[in-house]
Amino acid sequence: MSGANCLPKPLPKPNSVTAPFWEACAAGRFTFQHCRACGHAQFPPRVSCTACHDTALDWRTASGRGTVYSATVVHRAPIEAFKADVPYVLAIVELEEGVRAMMNVRTDTPEAVTIGLPVEIFFEPAADGPPLPQARPLTRPSARPLAGTEA
């Protein structure tokens, strides 16, 4: 954040449904919900399964690898707090497990982020909240899996 722009960015406010996700982020793991009734994987977290509406949900840890499903380069900040970040990439990332999540793709070359680009998740510390999942281009297979995904 530059010295000229010290406005705080809005941060997520965990609730009873999302708290397990944010706790996993604090531990360096990206998690998603899995329905024990029908096997459906879903993200973002919800009270019930979006496929069968059962409430028998557990949490699974993602590999942390995926591909860009959709992306846009933001050139005009939606609010003042993001002005120092433009241009930045906002993307929908499809993880290896099949769930999709919206996140920033951190790169020095936003124009190089294209559909199908391999990415990996990392966590960016937030001053007054949980670490935020971000993606970065994966230029080679990761030698070290995301914390918590070791076999």
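Is E23 buried or exposed? In this predicted model, E23 is exposed, with a relative accessible area of 56%.

## The setting of E23

E23 lies in helix α1, which covers residues 19-26. Although E23 and P130 are 107 residues apart along the chain, their C-alpha atoms are separated by 7.6 Å. The value of 56% for E23 is over 50%, and therefore the residue counts as exposed rather than partly exposed.

## Salt bridges

Six salt bridges are found when the whole structure is searched, and three of the pairs are described here, beginning with R60 and D58. The side chains of R60 and D58 meet at 3.9 Å, taken from N to O, a distance that lies within 4 Å, and the contact therefore counts as a salt bridge. R60 is partly exposed, with a relative accessible area of 37%, and D58 is likewise partly exposed, at 21% relative accessibility.

A salt bridge also joins the side chains of R65 and E96, with 3.3 Å from N to O. This pair links distant parts of the chain, for R65 belongs to strand β4 (residues 65-74), whereas E96 is in the loop between β5 (88-95) and β6 (100-105), 31 residues apart. R65 counts as partly exposed at 25% relative accessibility, while E96, at 52%, counts as exposed.

In the salt bridge between the side chains of R106 and E124, the N to O distance is 3.1 Å. Here, too, distant parts of the chain are linked, with R106 in the loop between β6 and β7 (118-126) and E124 in strand β7, 18 residues apart. Both partners are partly exposed: R106 has a relative accessibility of 27%, and E124 has one of 24%.

## Aromatic pairs and a cluster

The search of the whole structure also finds five aromatic pairs, one of which is formed by F30 and F43, with 5.1 Å from centre to centre and 45° between the planes, a tilted arrangement. The pair links distant parts of the chain, since F30 is in the loop between α1 and β1 (31-35) and F43 in the loop between β2 (41-42) and β3 (57-61), 13 residues apart. Both rings belong to buried residues, as F30 has a relative accessible area of 1% and F43 has one of 19%.

For F82 and Y88, the ring centres are 6.3 Å apart and the planes meet at 35°, so this pair is tilted as well. F82 counts as buried at 19% relative accessibility, and Y88 counts as buried at 11%. Buried means under 20%, and therefore the 19% of F82 still places the residue in that class.

Beyond the pairs, F21, W22, F30 and F43 form one aromatic cluster. F30 and F43, the tilted pair described above, are thus members of a group that also includes F21 and W22.

## A charge over a ring

One further contact brings together a charged residue and an aromatic one. The charged end of R100 sits over the ring of Y69, at a distance of 3.5 Å from the centre of that ring.

Key: Residues numbered from 1 in each chain as written. Predicted model: local features only at pLDDT ≥ 70, side-chain atom pairs only at ≥ 80, totals over all residues. Heavy atoms only, no water. Buried < 20%, exposed > 50% of the residue type's maximum accessible area, 1.4 Å probe, protein only. Helix = DSSP H or I, 4+ residues; strand = E, 2+ residues; numbered from the N terminus. Phe/Tyr/Trp six-rings, centres within 6.5 Å; stacked < 30°, edge-to-face > 60°. Lys NZ or Arg CZ within 6 Å of the ring centre and 35° of its normal.
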